[in-house]
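This report goes through one model: first a contact between chains, then sheets, then single residues.

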Amino acid sequence: MAQLILDHVTKVFDDNGSDIVAVDDVNIDLEDGEFLVLVGPSGCGKSTTLRMVAGLETVTSGEIRLDDRVINDASPRDRDIAMVFQSYALYPHMTVRENMSFGLEESTDLDGDTISTKVTETAEMLNIGELVDRKPRELSGGQRQRVALGRAIVRDPEVFLMDEPLSNLDAKLRSGMRTELQRLQEDLGVTTMYVTHDQTEAMTMGDRIAILNDGRLQQVATPLEAYHQPANQFVAGFIGDPSMNFFEMEMQGDRLVGQEFAYPLSQQTRESLGDAVRVVLGVRPEDIELVSEASGDHDYETVVDVVEPMGNENNVYLNFTADSDTTFVATIGGMRSVEAGQPAVARFPESAIHLFDAETGEALKNRSLDELENAEPRL
Amino acid sequence: MREFIFRLFGRGRRPPDSDGDARPDGGTVTKEQTVGRSRLRDALDSDLLGSLPFWLPPALLIGLFVYGAIGWNVVISLTDWSGLGQPDYSSLSFAMYEEMLSDPTFWTATQNTFVLLIAFTVVTLLLGLLMAILVDQNIRFENTFRTIYLLPMSLSFVVTAIFWAWMYNPEIGLINVALRSVGLDFLAYAWLSDPRFSLAAVIFALMWQFSGYCMVVYLAGLRAIPTEQYEAARTDGASTIRMYRRVIIPQLRASTTSAAVVLMVFALKAFDFLFVLFGPTPGPSTDILSVMMFREAFRATNWAYGSAIATVLFLMALGVIGPYLYLQYSRGDL
Amino acid sequence: MSSQTANDSTSGIDFQRIGLYAVLVVMAAFYLSPLESGLMTAFKSQEAFIGSTPFVPPPPSGFTVEPWFEAWSRLQLGVFNSLLLAIPATALSAIFGSLAAYGLTNVDWRGQVAVIMLFVAGIFVPYQSVLVPLTQFWTMVGLEDILAGVPLLAERTGLLELIITHTAYGIPICTILFRSYYATIDPEMLEAARLDGATVARIYWKIILPLSVPIFAVTLIYQFTQIWNDLLFALVLLTSPENQVVTLSLNQLQGSMVQQYNLQMAGAFVAALPTLVVYVLFGEQFAEGVAGES
């Protein structure tokens, strides 16, 4: 088991003479046994980061350390790292058993019997014990996925790397595998770096998540921290579905003034803004309350544009006026009936708002967590 | 089979980001020195060394036998080597090329070569396209028909030349027997020995042999066009002929290009077939550069002169494949 | 295309469809006619083929198998030598092609494209532009003297030279055929093998090679046909009559038996038989090889 450290890691690709920075000065520490999810939109550099750790890409600058050993220039076989690929990358001409033994045969001096025992044990642990003599093409997608996992587990590596391992599974299988993978990782206690673009996986699986955008690390935090205390507007928008609502505002006296509405701020909130003038107001859909009548400063008359019933909840798309372009979304209980075209009053509680610097995107004020803590016993 | 052609000039270097999707637009790097260092390391790390044992021996064989020999051939063409002696590399000149330019045989052979190149390529492509379209009509026994049409491609030119010499026999060959039997006696020429028709007869026979190849290439092209396009054209009310002319055939450009390159290069190096039919001295009506080269070098032992003709042939081939390879390269297909 | 035919076939007798098959059959007859008239002629006596229509089967009085025996006796040495040439040269060029394609496709390094260019261009080089240096090269190497100690090989010098020459000129097309196949192999699988600890060579041996069986079939069949059918290299490189390959023998037979068409035809079939058998058995693979040349 090991500690994996990415220290100012940068990757520059040469694209016909012009440089493309795929990974820009990324610092991440993975504790021994930690499950870290690397998440971000397509092309954000998360796969490249993972591949650098695997040794499949060179590191342009910075250091990757495994238990204080710099492994930048070590070949993949000397790193003691196992990887699970999106396509599973099973060897089609080998049986499951051969697929799983291959790594041990190539990288260790273990004798055939030991390898065979290890493979059998691992296969049984993954419930694919009876499939070991089949070829990959005779397996279902879920079974192949298990073989790919088994191939990594049987090596008993220092670090697991997983590159979107669940994205080829159908939705139902995927949620099952999510929990199973998590449990496996916990049991094995192997440091794991897991790449995904799926924020549900990010939220549910990781001890911590690292959010990347455009090659830059945005935040490393526990899933709940990233959700409630996003470091910047990108993280706030990326994590959560439906996304956080954003409104561009300007500080005028004691209130924020936007195109469609103004939002008075309390003294306390104003202080946290410093001298920022142009800010972005963010509020999560589930924090917007639909009330029957406007009663406070933070209540706004709106018109319901579209309702998306999700069953357990409704996503209600609202406009400030019937012909306004600005749409924002509120999530309300599934049993409440709301219809398109009907007027509604939306309340943005001050305790739930986030404020970001409009220029840098940096979080100036995140929502207060008092309410959440109070609410905790309810869970 | 169809994927083959499109796979053929498959990917070269794998795109670096396995995300495969849009690369980050990221800015330029300010730390120049780190980039330089990493390039060097990239080069060393990129498994060049590991890959050497695999491609270097075959590359050396090609380098020696193909490219080395071409260079050597050019050098020989600059000497005045002939007869039994060894070439004298001390005085090089373009004498052979001057001789060539004033040699009427060379110009006749060049003219025939061009006629062969163009006529053979055009008729073979057209017949191949027609056959591909016919075979693509969802017919029964498609495999049998395809197998029959491609069969001549599997035969040696020595074999097919012997078949066609018999086919073209003026008295009892199948062609003239058939012509006479339908009352076309006046068309029953001595196809191979009549200078008016001999080159055309050769082109016809080569078309027979190569049109199956064109069919295979076009068929692959046709099968790559989604069925929806046929359906859309039908829905738009296009007739079959218009559909092919306006919708389908324009999409076969890549097939046409690659097949045409192969046919043209073949026409330049066509030797076996004509040699078996006419021997090394076919006379002005069917003399082509590749046969002339062989005659000059290996029958008359005018080695330098033969090499000069060979150099011209190589340059002509380069004129065909150079643009083709450049096209492939600039499309990133290499 | 299916939709179109579905519509067409709804009307009882479909004249368009009948016309289509008529054209296809006439074409098939056109492609087969030289072979058919050749085959019939090969079974006719001299008098019979002069007196009868070429494509008509021989009359009982004019039937003979004599030309086949005659042709076989004249070509058997050539057939034997051609096998001696084509089998090793085919195997060697396919093996080299596979190795080169792997090194140039699945292993990643800069500057590959330039090397690949040279390989691809090599397919199209006219043999004429290397013939003179080639003969000069083999004269200078003096393989016969080198092999003087091994009489069995020394007698076969010409064939050995031809094997090496055909191997070298076969590598480009073989490499391209293999490359087009290897390019479809999942790169993640090879990366997985690297992470599993396999070296570049082990990956080839344990993964690429076992997966190459279908493309080896294509390449071997195509290349065998090419080498078997070639005349030009044999014409300039083979000097001793004992080493004559079948295309040379057949060419001589044609030149010396100008009027004996039955013998010529039988000879042509004897010489073509191995390639015909291969073609009939492995037509699909041959077609793939042919298509790969473009």
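## Polar contacts between chains C and B

This is a predicted model. Between chain C and chain B, 19 residue pairs are in polar contact, with both residues of each pair at pLDDT 80 or more. Helix α2 of chain C, residues 15–42, supplies 17 residues to the side of chain C that touches chain B. That is the largest share from any element. By type, the residues on this side of chain C divide into 77 nonpolar, 30 polar and 10 charged.

The salt-bridge count between chain C and chain B is 1. The partners are B:R146 and C:E284. Their closest N and O atoms lie 2.5 Å apart, and a separation within 4 Å is what the salt-bridge criterion asks for.

## Extent of the C–B contact

Chain C puts 117 residues into the contact, and chain B puts in 108 residues. The area buried between chain C and chain B is about 10,500 Å². Carbon and sulfur atoms give 74% of that area.

## The six-stranded sheet of chain A

One open sheet in chain A has 6 strands. Their order is β13-β12-β11-β14-β20-β21, and the pairing is antiparallel. The edges are β13 (262–264) and β21 (363–365) of chain A, each paired on one side only. From one strand to the next, the twist averages 35°.

How is β20 joined to β21 in chain A? Strand β20 (residues 354–357) runs antiparallel to β21(A), and 2 bridges join them. A:L355 has A:K365 of β21(A) as its bridge partner.

## The five-stranded sheet of chain A

An open sheet of 5 strands is also found in chain A. The order here is β15-β19-β16-β17-β18, again with antiparallel pairing. Strands β15 (289–291) and β18 (327–333) of chain A form the edges, and each pairs on one side only. The twist in this sheet averages 50° from one strand to the next.

Strand β16 (residues 299–309) and strand β19 (residues 343–347) of chain A run antiparallel. They are joined by 5 bridges. In this pairing A:D299 stands opposite A:R347 of β19(A).

## A:H93 and chain C

A:H93 sits in the loop between β6 (81–84) and α2 (96–107) of chain A. Which atom of chain C does the side chain of A:H93 reach? The target is the backbone oxygen of C:K206, at 2.8 Å.

The contacts of A:H93 involve two chains. Leaving aside neighbours within four places in sequence, A:H93 touches A:E98 and A:K135 in chain A. In chain C, A:H93 touches C:K206, C:I207, C:P210 and C:L211.

## Backbone exceptions in chain A

Most residues other than glycine have a negative phi, and most peptide bonds are trans. Two places in chain A call for a note here.

The peptide bond joining A:D241 and A:P242 is cis, with omega about 0°. A:P242 is placed in the loop between α8 (233–238) and β11 (245–252) of chain A. A:D25 has a positive phi, near 55°, and is not a glycine. Residue A:D25 is found in strand β2 (residues 18–30) of chain A.

## B:S285 and its surroundings

B:S285 belongs to the loop between α13 (272–278) and α14 (289–299) of chain B. Which residues does B:S285 contact, leaving aside neighbours within four places in sequence? They are B:N112, B:P195, B:S198 and B:L199. With B:S198 there is a polar contact, side chain to side chain, at 3.1 Å.

B:S285 and B:L126 are 159 residues apart along chain B. Their C-alpha atoms are separated by 25 Å.

Methods. Residues are numbered from 1 along each chain as its sequence is written. Chains are lettered from A and ligands numbered from 1 in the order in which they are written. This is a predicted model: local features need pLDDT of at least 70, side-chain atom pairs count only at pLDDT 80 or more; totals for chains, interfaces and linings use all residues. Side-chain values use heavy atoms; hydrogens and water are left out. Contact means heavy atoms within 4.5 Å. Buried area is the accessible area (1.4 Å probe) that two parts lose on being put together, summed over both. A salt bridge is a side-chain nitrogen of Lys or Arg within 4 Å of a carboxyl oxygen of Asp or Glu. A polar contact is a pair of N or O atoms within 3.5 Å; within protein, one must be able to donate a hydrogen and the other to accept it, and residues adjacent in sequence count only if both atoms are side-chain atoms. Helices (H or I, at least four residues) and strands (E, at least two) are DSSP runs, numbered from the N terminus. Ala, Val, Leu, Ile, Met, Phe, Trp, Tyr, Cys and Pro count as nonpolar, Asp, Glu, Lys and Arg as charged, and the others, Gly among them, as polar. Two strands pair if DSSP finds at least two bridges between them. Axes are lines fitted to C-alpha atoms, for helices over the stretch in contact, and angles run from 0 to 180 degrees between N-to-C directions.
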